[in-house]
Amino acid sequence: MTKSKTSDVAAELDTPSDLPQQAVDKISATLNVLLADAFALYLKTKNFHWHVSGRHFRDYHLMLDEQSDQVLATTDLLAERVRKIGGTTLRSIGHIAKLQTLQDNNDAYVPPQQMLIELMNDNKKVAAAMRSAHKVIDELEDVATASLLENFIDETERRTWFLFEASRQEGGNEG
């Protein structure tokens, strides 16, 4: 199938796909927002990993390091999926900042429990955004991208669960 060129893909990067160009453009735009949020979540998680303090330091420090690694691992897979179908992806920190929907945290100090709750809420937002993206992807009949997102949703829900449990007060279910 010959695609009509409506996207800004350089001829040298034009990867062949059986998906219509309109679908490639929509999938790429959808995944690029998820990718921008993944980078934002990665950096926030790493920031909190570097700056956590208090009596649960070791546990939180290790958990946040593990979680930041998980988030970072999604970035290459998302970006490569965009390229596999013939789209273009993020090129700079500025591009990330333009597309991200998660809020940065530049505070000099964040209490550990607040860190965990903020990351839990961010992971919940990412999972919801992935579900919304999945609906778009399903409509465009891109099974491979849908499958990728299903795995990422599960991983994101696991991080949310761990952050929820770690943020709970002793003996309570608040968090």
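This passage describes one helix and the internal cavities of a predicted model. Local features were considered at pLDDT of at least 70 and side-chain atom pairs only at pLDDT 80 or more, whereas totals for chains, interfaces and linings use all residues of this predicted model. Residues are numbered from 1 along each chain as its sequence is written, and side-chain values rest on heavy atoms, with hydrogens and water left out.

Helix α4 (helices being DSSP runs of H or I, at least four residues, numbered from the N terminus) covers residues 112–139. Its 28 residues reach 41 Å from first to last C-alpha, close to the expected 40 Å (1.5 Å times one less than the number of residues). Glu141, which follows α4, has a positive phi, near 60°.

Two cavities of 30 Å³ or more were found in the whole structure. A cavity is a set of points on a 1 Å grid over the protein atoms alone where a 1.4 Å probe fits but cannot get out, and lining residues have an atom within 4 Å of a point. Points are joined across faces, edges and corners, and the volume is the space filled by probe spheres set on them.

The largest cavity has a volume of about 90 Å³. Of its 13 lining residues, Ala38, Thr74, Val126, Met130 and Arg159 lie nearest the centre. At least two lining residues come from each of α1 (21–51), α2 (57–84), α4 and α5 (143–167). Eight are nonpolar, two polar and three charged (Ala, Val, Leu, Ile, Met, Phe, Trp, Tyr, Cys and Pro count as nonpolar, Asp, Glu, Lys and Arg as charged, and the others as polar).

The second largest cavity, of about 30 Å³, is lined by Glu66, Gln67, Gln70, Arg158, Arg159 and Phe162.

Conventions:
On a 1 Å grid over the protein atoms alone, a cavity is a set of points where a 1.4 Å probe fits but cannot get out, and a pocket is an open set with protein on both sides within 12 Å along at least five of seven lines; lining residues have an atom within 4 Å of a point.
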